[in-house]
Amino acid sequence: MMVAQLSGGADLDFYIEGYAKFELFGQTLYMTTTHICLAIVFVIITVFAIIANRAIKKADVSKAPSGFVNVLELLVETLDNMLVNTMGAKHGLKFSNYIGSLFTLLLVCNLSGLLGLRPPTADFGVTFPLALISWFMIQYNGIKYQKWGKAKSLFEPIFLFFPINVISEFSTPVSMSLRLFGNMFSGTIMMSLIYGLLGKVAIIWPSALHAYLDVFAGALQAYVFIMLTMVFVSNQIGEET
């Protein structure tokens, strides 16, 4: 359990606890709060997807969408417009499934603090794999569209820049994951400190802080993550867009 010791001897629990321990190939693995919260997030997204799917199937295609279906259409159109504006009309929509899924996952994870959960994105073990997935996609598209030009770019503008260019390439997933993790973890710590120090007195008034640390910051960080992914992929595709 991750705990902060105060000078007065009080303990503040930041909700990182081990609930089960497993042995696998000689390694000790733990099921922590992050795994449980992430599973709850997956359930929330799955339920939302099922409800959305049924609403779309029941919609009358001969009539203008209304209610929940109208909201879904607005979300899809907003995503498509963002992809086209950022990555170009030729290739942008090809990435709609990945970018849409990634944004949904990050947004629900970041907002899960409103449900009393510890945001899974406040764990570097979650943000780094997500950044790695985006990084592999970035590299794949660089090789696909630039071919040998991808390797050549590592030696530009001169050969001496090769080490710097390599470091720059491999630092991308680290910087993306640390940015998301740092912002979400700091928000979790701040709210834990407030509730831990003030106890029952902090039941109502910290709602304004939740609005910023969970809603605003959470939505912003999810947007920044997918925007960086789109920009990096678009740069690898280059003039093809």
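Among contacts in the chain between residues at least 6 apart in sequence, what share joins residues at least 24 apart? In this predicted model, the share comes to 63%. The chain itself has 241 residues, and 35% of them count as buried. Its accessible surface adds up to about 14600 Å², with 69% of that belonging to carbon and sulfur atoms.

As for the overall layout, the secondary structure consists of seven helices and four strands. Walking along the sequence, one meets the pattern β-β-β-β-α-α-α-α-α-α-α.

Now for the inside. In soluble globular proteins, nonpolar side chains tend to be buried together. Here, the largest nonpolar core contains 31 residues, and Phe 95 and Phe 225 are the ones with the most contacts inside it. Two or more residues of this core come from each of α1, α2, α3 (96-111), α4 (124-146), α6 (162-198) and α7 (207-237). Helix α7 is the top contributor, giving seven residues. It's worth zooming in on Phe 95. Once its neighbours within four places in sequence are set aside, Phe 95 is in contact with Leu 83, Met 87, Met 137, Asn 141, Val 233 and Ile 237.

Buried residues aren't just nonpolar ones, and Gln 139 shows this: it counts as buried because its relative accessible area is 14%, under the 20% cut-off. This glutamine sits in helix α4. If residues up to four places away in sequence are not counted, Gln 139 touches Lys 150 and Glu 169.

Next come the aromatic rings. Searching the whole structure turns up six aromatic pairs. One of them joins Phe 48 and Phe 68 in an edge-to-face arrangement, with 5.9 Å from centre to centre and 90 degrees between the planes. This pair ties together distant parts of the chain, since Phe 48 belongs to helix α1 and Phe 68 to helix α2 (residues 67-87), 20 residues apart. How covered up are these two rings' residues? Phe 48 has 40% relative accessibility, so it counts as partly exposed, and Phe 68, at 33%, is partly exposed too.

Trp 135 and Phe 136 make another edge-to-face pair, this time with 5.2 Å between the centres and 65 degrees between the planes. What about their exposure, buried or exposed? Trp 135 has a relative accessible area of 10%, so it is buried, whereas Phe 136 reaches 53% and is therefore exposed. Elsewhere, Phe 124, Phe 128, Phe 181 and Phe 185 come together as one aromatic cluster.

Finally, the outside. Which residues form a nonpolar patch on the surface? The patch is made up of Tyr 19, Phe 22, Leu 24, Phe 25, Leu 29, Met 31, Ile 36, Ile 40, Ile 44 and Leu 115, and together they have about 980 Å² of accessible area. Strands β3 (18-24) and β4 (27-32), along with helix α1 (33-58), each supply at least two residues of the patch. Take Leu 29 as an example from this patch. Leu 29 lies in strand β4. Why does Leu 29 count as partly exposed? Its relative accessibility is 39%, which falls between the 20% limit for buried and the 50% limit for exposed, so the label "partly exposed" fits.

Notes:
Residues numbered from 1 in each chain as written. Predicted model: local features only at pLDDT ≥ 70, side-chain atom pairs only at ≥ 80, totals over all residues. Heavy atoms only, no water. Patch = residues over 30% accessible without salt bridge, like charges linked within 9 Å, V, L, I, M, F, W, Y side chains within 5 Å. Areas by Shrake-Rupley, 256 points an atom, 1.4 Å probe, with all protein chains shown as cover. Salt bridge = Lys/Arg side-chain N within 4 Å of Asp/Glu carboxyl O. Buried < 20%, exposed > 50% of the residue type's maximum accessible area, 1.4 Å probe, protein only. Phe/Tyr/Trp six-rings, centres within 6.5 Å; stacked < 30°, edge-to-face > 60°. Core = buried A, V, L, I, M, F, W, Y, C linked by side-chain atoms within 4.5 Å. Contact = heavy atoms within 4.5 Å.
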